[in-house]
Amino acid sequence: MNIVGDHAVHHLEHDAPLTCDIEALAGAVSGWYRSSPSAQQLPADTAAAVRAALEPPGQVATLALPSDCAWDPGGPPIGKVERPYPAAVPSERVSEMAQLLRHGPETVLLIGGPAFQEEGIRNARRVGNATGVRVIGDRVNGRMERGAGRPLLERIPYVIPQAVELMSGTKHMILAGATVPVGFFAYPDTPSLTAPPDCEFHVLAEAHEDVLMALSMLVEEISAPDDTGPLAPAKRPPLPTGVITIDKVWAAVSALMPEEAIVSDESITSGRAAMGMTQGAPRHDWLNITGGSIGQGLPVALGAAIACPERQVFAMESDGSALYTLQALWSMARENCDVVIVMFNNGVYKILQGELERLCPDAQGPESAAMLDLSDPALDWVRLSEGLGVEASLARNCEELCDQMQSAVQGKGPRFIEVRV
């Protein structure tokens with residue numbers, strides 16, 4: 001829920017400085033918008049905004065408040081706002097989806113949204129083991145419960161040829177909280193949809209519906225045994241040594257992560273091996289980037305640390321993305337948040353480099369390279385972090401990385417660790 005200040009209602013007609021079309025700006029990033037017309041109406045509008053933000057599957061609600069709401073007499077309190085529940089899935093639809101499961105490996109059960117909770121993954125895997133259908137997770141999801149003892153889940157890869165290969169042979173796709181899989185970008189001679197052209201899509205539960213209950217109903221409909229297949233083993237990697245590599249950074253995180261940690265992952269190209277390297281770590285929540293914008297990783301880590309102060313948060317960050325929201329470090333210091341920020345510093349917008357190579361393989365000149373370069377001048381992340389109040393250090397080898405990370409986990413408050421990759 002966003003609250004945006006505005007001029008007093010009677011002042012807006014004079015087009016004073018700062019007057020703007022807030023609704024037009026907010027509308028691009030909000031699912032719900034309202035401008036409260038008076039202080040009397042403010043309690044009801046605030047309650048409506050809270051309820052709108054909680055509307056399944058969740059959305060951004062923006063409430064604009066004219067400044068005369070601050071001095072005019074307010075209306076009576078509204079009372080507790082009842083949380084809206086997701087819509088129930090009809091039993092007939094569940095029965096219809098159960099019939100499709102007879103196609104076995106030609107069918108994919110694609111899960112997303114709330115289904116990435118342990119209960120959802122477990123029931124989806126039970127369906128897969130009982131029928132032979134393939135169970136796959138959507139490419140990205142806001143939150144995923146994973147770690148030792150939890151069912152394993154394969155997810156759609158970012159790279160389109162890999163996604164197409166994974167979906168090969170699929171005749172039917174059942175969507176449970178997921179959307180039709182589409183490539184992140186379009187490329188010449190490459191399909192937009194990653195499923196085969198003749199694949200038929202079927203909806204078990206849409207994002208605003210009760211996905212978890214729908215999967216539970218599907219389990220009952222087919223009388224699936226309580227067998228989820230392989231579980232993530234409780235197996236931490238040994239502490240890495242020697243020269244730092246990306247894989248060794250993830251090994252250090254997996255080796256030192258405490259139980260019920262939260263990972264805000266905006267490592268971008270440095271996170272390609274993260275899932276495999278951390279699957280045997282203690283149980284934790286994984287918070288993915290879900291859109292195409294960058295810069296959300298540090299604010300998400302900040303929000304997670306404030307929401308769950310008893311849990312250790314890891315912000316796995318990339319240098320290009322962090323430049324957009326560096327000020328989140330100051331907020332972490334101000335709130336004394338338990339966040340370990342690991343900065344993968346490769347001195348370049350590497351994800352955009354890769355996209356440029358896919359789109360224009362011949363664009364290898366100095367001008368195009370300079371557009372995506374972050375090393376001239378080089379960024380001093382340690383000093384930037386310290387300037388915003390967060391203790392910071394550069395790990396020059398794995399021994400230093402593990403010592404710094406262990407100290408950060410055992411300590412209190414935010415800690416910034418830079419690794420150059």
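This is a short talk on strand 3 and the nonpolar cores of this structure. Keep in mind that the model is predicted.

Let's start with strand 3. It spans residues 61-66. How many of its residues are buried? The count is 6 of 6. Look at the two faces in turn. On one side sit Ala-61, Leu-63 and Leu-65. On the other sit Thr-62, Ala-64 and Pro-66. Both faces are covered.

Now the neighbours. Which way does strand 1 run relative to strand 3, parallel or antiparallel? Strand 1, residues 2-6, is parallel to strand 3, and 5 bridges join the two. For a landmark, find Ile-3; its bridge partner in strand 3 is Leu-63.

Strand 2 covers residues 32-35. It also pairs with strand 3, through 4 bridges, and again the two run parallel. Here, take Tyr-33, which stands opposite Thr-62. How does the chain get from strand 2 to strand 3? It passes through helix 2, residues 42-54. That β-α-β crossover is right-handed.

On to the cores. The largest nonpolar core holds 52 residues. Those with the most contacts inside it are Leu-109, Ile-111, Leu-204, Phe-314, Met-316, Leu-401 and Met-405.

Let me pick out Leu-204. What does Leu-204 touch, leaving aside residues up to four places away in sequence? Its contacts include Val-89, Val-94, Met-97, Ile-174, Leu-175 and Leu-218. Arg-93 and Glu-209 are also among them.

There is a second core, separate from that one, with 24 residues. Among them are Leu-287, Ala-305, Ile-341 and Trp-381.

Methods. Residues numbered from 1 in each chain as written. Predicted model: local features only at pLDDT ≥ 70, side-chain atom pairs only at ≥ 80, totals over all residues. Heavy atoms only, no water. Buried < 20%, exposed > 50% of the residue type's maximum accessible area, 1.4 Å probe, protein only. Pairing = 2+ DSSP bridges. Right-handed = clockwise from strand over helix to strand, strands pointing away. Core = buried A, V, L, I, M, F, W, Y, C linked by side-chain atoms within 4.5 Å. Contact = heavy atoms within 4.5 Å.
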